[in-house]
Amino acid sequence: MTTKPRGRVLLAISGYDPHAWQAAFEGKRDAVLETANPSDPTINYALVWRQDGSRLKSYPNLRAIFSVGAGVDHLLADPTLPDVPIVRVVDHTLTQPMVEYVVWRVLDHLRQGLLYRQQQKDRLWYEPAQPQAGEVTVGVMGLGELGTAAAQALLALNFNVNGWSRRPKDVAGVTTFHGQSQLGSFLASTDILVVLLPLTPDTKGIIDTQLLNGLRRDNPLGGAVLINAGRGGLQKDADILRALDTSVLKEATLDVFETEPLPAESPMWTHPKVFVTPHAAATSDPARLVPPMIEQMDAFERGEPLRNLVDRKAGY
Ligand code: NDP
Ligand code: OXD
């Protein structure tokens, strides 16, 4: 009996080390960085991160695209992307670090981390009023895989939690809001805003002056706090800086920026009210993520449906 050859994988990856992704395929499936023949008929899959989609359109037997991350804005922005199913990352090894990141940053803002770091520099012994989690409401924008897990972890810490999504959603313990019509009420009852939205035409630039003005400022923290770990394109950096300088915002944690890497001249780097991380909230690890991708390819070749598919029309 002859066995059907298993489809080869093209690695179209930048921003991560493509060799590390290739190594994770070793001995399991043939994965290549380049093909000598740009219309190589043996390529059935592409693993993609921030690459020019036009590179993919010449492969006649491409059957599916796997995004190396949860977000797929890097793919959908490209009009030449072949019309094949797109699988994105949904995996506890990506969800867990995002939950850790959100909990860490929310607790740091609650427990006055920025203030204490400055006080230590100044050798200042001063204890400000300390609200407790139960007196503070965290609003999670984007109640998907990551947002829901983060909301649940925050509930376990006794925070009040609001959630905002595109469609109505029921998450135990979370006060949910959806759509543009309920955005105002969501913001008006939120003290710490955690953004875990995908970047789509509808969400681009959503974190602007108008949105930040809508947050609840009169709260036990002494001001509204923003944490964006979604995408830089969701925010207007200049509006955030203005909100910080006019006390519309008390503090911000930003993992993502309009331009990445954050340019050396950006005032974000040195702003006393901003905590910067380099798009590192949850990083895709090839050793952890390639095995489930291979399982999906194997199952697909047995005739089973692909999972974690992107809805191209919705944009995520
Ligand atoms: P999901 O697709 O599971 O969830 C997206 C959520 O956003 C859903 O609740 C969806 O609503 C909501 N949403 C989408 N569009 C709108 C809209 N127009 N109005 C209101 N709500 C909207 O995504 P994940 O949770 O897996 O990931 C979220 C994002 O996190 C990724 O797209 C990526 O950009 C970012 N990310 C960042 C990382 C980092 O290291 N900084 C790491 C990993 C991801 P509904 O439930 O109704 O569909
Ligand atoms: C992702 C990311 O989308 O790392 O997974 O940003």
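**Two ligands and a helix pair**

An oxygen atom of ligand 2 lies 2.7 Å from an N or O atom in the side chain of Arg-231. I start there, and I should say at once that this is a predicted model.

Let me stay with ligand 2. Which other residues offer polar atoms to an oxygen atom of ligand 2? One is Ala-70, where a polar backbone atom is 2.7 Å from an oxygen atom of the ligand. Another is His-279, with an N or O atom of its side chain 2.6 Å from an oxygen atom of ligand 2. As for cover, ligand 2 has 210 Å² of accessible area on its own, and the protein covers 90% of that.

The shell around ligand 2 is made up of Tyr-16, Trp-49, Gly-69, Ala-70, Gly-71, Leu-94, Arg-231, His-279 and Ala-282. By class, that shell has 5 nonpolar, 3 polar and 1 charged.

Now to ligand 1. Arg-231 turns up here as well: an N or O atom in the Arg-231 side chain is 3.2 Å from an oxygen atom of ligand 1. The side chain of Lys-169 has an N or O atom 3.3 Å from an oxygen atom of ligand 1. With Leu-146 the backbone is involved, and a polar atom there is 2.9 Å from an oxygen atom of ligand 1.

How much of the accessible area of ligand 1 does the protein cover? On its own the ligand has 940 Å², and 93% of this is covered. Three elements each give two or more residues to the shell: H3, helix H5 (145-156) and strand E7 (160-165).

There are 28 residues around ligand 1, and those that come nearest are Arg-88, Leu-146, Arg-167, Asp-255 and Tyr-316. Sorted by class, the shell has 13 nonpolar, 7 polar and 8 charged residues.

H3 was one of the elements around ligand 1, and it leads to my last item. Helix H3 covers residues 92-110 and helix H4 covers residues 113-121. Their axes come within 6 Å and cross at roughly 60°. Why is H3 called oblique to H4? The crossing angle falls outside the ranges for roughly parallel, roughly perpendicular and roughly antiparallel, so the pair counts as oblique.

Which residues make that contact? From H3 there are Arg-105, Asp-108 and His-109, and from H4 there are Gly-113, Leu-114 and Arg-117. The contact has 1 nonpolar, 2 polar and 3 charged residues.

To close, back to Arg-231: its side chain has an N or O atom 2.7 Å from an oxygen atom of ligand 2, and one 3.2 Å from an oxygen atom of ligand 1.

Terms used: Residues numbered from 1 in each chain as written. Chains lettered and ligands numbered in written order. Predicted model: local features only at pLDDT ≥ 70, side-chain atom pairs only at ≥ 80, totals over all residues. Heavy atoms only, no water. Axes fitted to C-alpha atoms, helices over the stretch in contact; angles between N-to-C directions. Helix = DSSP H or I, 4+ residues; strand = E, 2+ residues; numbered from the N terminus. Parallel < 35°, antiparallel > 145°, perpendicular 65-115°, else oblique. Contact = heavy atoms within 4.5 Å. Nonpolar A, V, L, I, M, F, W, Y, C, P; charged D, E, K, R; others polar. Near = heavy atom within 4 Å. Polar contact = N/O pair within 3.5 Å; in protein donor to acceptor, adjacent residues only side chain to side chain. Areas by Shrake-Rupley, 256 points an atom, 1.4 Å probe, with all protein chains shown as cover.
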